[in-house]
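Dear colleague,

I am passing on the structure we spoke of, with the sequence alongside. Please look it over before reading my notes, which follow below.

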Amino acid sequence: MSREIRPEEISSLIREQIRNYDHRIHSDDVGYVISVGDGIAMVQGIDKAMSSELLEFPKGVMGMVMNLEEDHIGVVLLGDDTQIREGDEVRRTGKIVEVPVGDSLLGRVVDPLGNAIDGGENPVCTKTRPVERVAPGVMTRKSVDQPLMTGLKVIDSMIPIGKGQRELIIGDRETGKTAIAVDTIINQKGKNVYCIYVAIGQKESTVARMVQKLRENEAMEYTVVVNASASSSAPLQYIAPYAGCAMGEEWMEQGKDVLIIYDDLSKHAVAYRTMSLLLKRPPGREAYPGDVFYLHSRLLERAAKLSDELGGGSLTALPIIETQAGDISAYIPTNVISITDGQIFLQTDLFAAGVRPAVDSGLSVSRVGSSAQTKAMKKVSSSLKLDLAQYHEMQSFAQFGSDLDDSTKKILNHGAHVTELLKQPQYSPMSMVDQVLSLFAIKNGFMDDLPVEDVPSFEKAMHRAFHEEHADLCQEIDDKGDLSKEMMDQITEGMRSVVEQFKLAKGVN
């Protein structure tokens, strides 16, 4: 009579077989390509690959693991996919995608992998950092308490940005989004702020022109440009902002202040969608993959103001989003608006009307920066938003009738002068002292009697007069960042004198 086999014996027998099987067929971290095309390779035979790991393909092409399927892995190629053939051998490197970091990157234009694309030698960096990392936790941060001045009156007065903040710049194409970012970089000269400009999906000529402008304004000395142009592959455009962020984090952790601009995240989302669809990930709303929100949230959460125990460094992010016909309720714009600490909204109509920067003060907001704003700036800009709101309301009302009462005429006249004052030419950011003087003059009605077209020339004359005749006062405003009653009285006296001189020179009564 045969002995009955117990279930425990069967399971132990199977376990033994599996153990021996594992010893016999041990994966040697080498696989082969089963299909390739459109910058995507499917690889079989590598069992222990990690997500975001670098794989080595023939002819020096590198790939990044994106999909971990049951029987194969999906890899995005960070090089020319025409070099790769089916059956080619693929090896694990055991490394996550990393970029070189350090001071030798300053003044250079590099691709997202840290290779020079400005015609010079590759930067010599002794250290690398993974492009992806977990954002600093709540306990490692501190409140935003220092202003990051853009040099633009309309932003520094009404939509201030603090070091460690994430402020979105949003608007249609050709409304001056990049101009704001570039002016902000130029304004950091001499302020010990390192700048990183990440160009995603831009034309090579546009980036070259911008780099030339930064060189002319001596801003490249403290700036790195990471360029994944429109001709770059989708994987390179995808990793570009993370690479730029990793470069910035190195300086932030050394206790330094960093400004990073992502121009723009709309094209970044499109590059990610392209990759995801080629990897056969299921599409969601507008064909974007379901994790497109996480794509930008994990990037922007890395902007922070670190606590004093960790050196007090900061990483300030200015992401840019391009809208279609001013539609800020589209998928990607609403995602990024909900991640950031406020937005600067640029309006096509204002831009066309000659108001540059074309900032819509009604839709724009900073949820953090006002707590970092200097006291002097707060004092002179407190009523600015209200003045502009009243002006725009009265302007639409005044179109229907010419018979206006004196108070309405006063609001319209003051609003027109404020609007003219807030206009600012590109590549000419203004110091905090000059901004305070200009805003003090407009707030206290010193310009209201002048013709609107004379506002820019009066502003220049006023700045020149104060720097020549009241240099000590200007220095005091800069040092203290506040206005005492005595200082205000001095400014008022100085303003009266400047107005009189200006009117005499112009022959205005």
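The secondary structure of this chain, which is a predicted model, consists of 16 helices and 17 strands. Measured out along the principal axes, the C-alpha trace spans about 120 × 50 × 45 Å, and of the 509 residues in the chain, 52% count as buried.

As for how the chain is connected to itself, 74% of the contacts with a separation of 6 or more are accounted for by residues 24 or more positions apart. The accessible surface of the chain comes to about 23,800 Å², and carbon and sulfur atoms supply 51% of that area.

I then turned to the pockets. The largest pocket has a volume of about 890 Å³, and among the 32 residues that line it, those closest to its centre are Glu174, Gly176, Thr178, Ala179 and Thr206. Three elements give two or more residues to this lining, namely helix H3 (177-187), helix H4 (204-216) and strand S15 (314-322); of these, H3 gives the most, with 6 residues. In character, the lining of the largest pocket divides into 12 nonpolar, 8 polar and 12 charged residues.

If you open the model at the largest pocket, Glu174, Gly176, Thr178, Ala179 and Thr206 would serve as a starting point, since they are the lining residues closest to its centre, and helix H3 can then be followed as the element that gives the most to the lining.

With best wishes

Key:
Residues are numbered from 1 along each chain as its sequence is written. This is a predicted model: local features need pLDDT of at least 70, side-chain atom pairs count only at pLDDT 80 or more; totals for chains, interfaces and linings use all residues. Side-chain values use heavy atoms; hydrogens and water are left out. On a 1 Å grid over the protein atoms alone, a cavity is a set of points where a 1.4 Å probe fits but cannot get out, and a pocket is an open set with protein on both sides within 12 Å along at least five of seven lines; lining residues have an atom within 4 Å of a point. Grid points are joined across faces, edges and corners, and a volume is the space filled by probe spheres set on the points. Helices (H or I, at least four residues) and strands (E, at least two) are DSSP runs, numbered from the N terminus. Ala, Val, Leu, Ile, Met, Phe, Trp, Tyr, Cys and Pro count as nonpolar, Asp, Glu, Lys and Arg as charged, and the others, Gly among them, as polar. Buried means under 20% relative accessible area, exposed over 50%, partly exposed in between (1.4 Å probe, protein chains only). Contact means heavy atoms within 4.5 Å. Accessible areas come from the Shrake-Rupley method with a 1.4 Å probe; for residues, only the protein chains shown count as cover.
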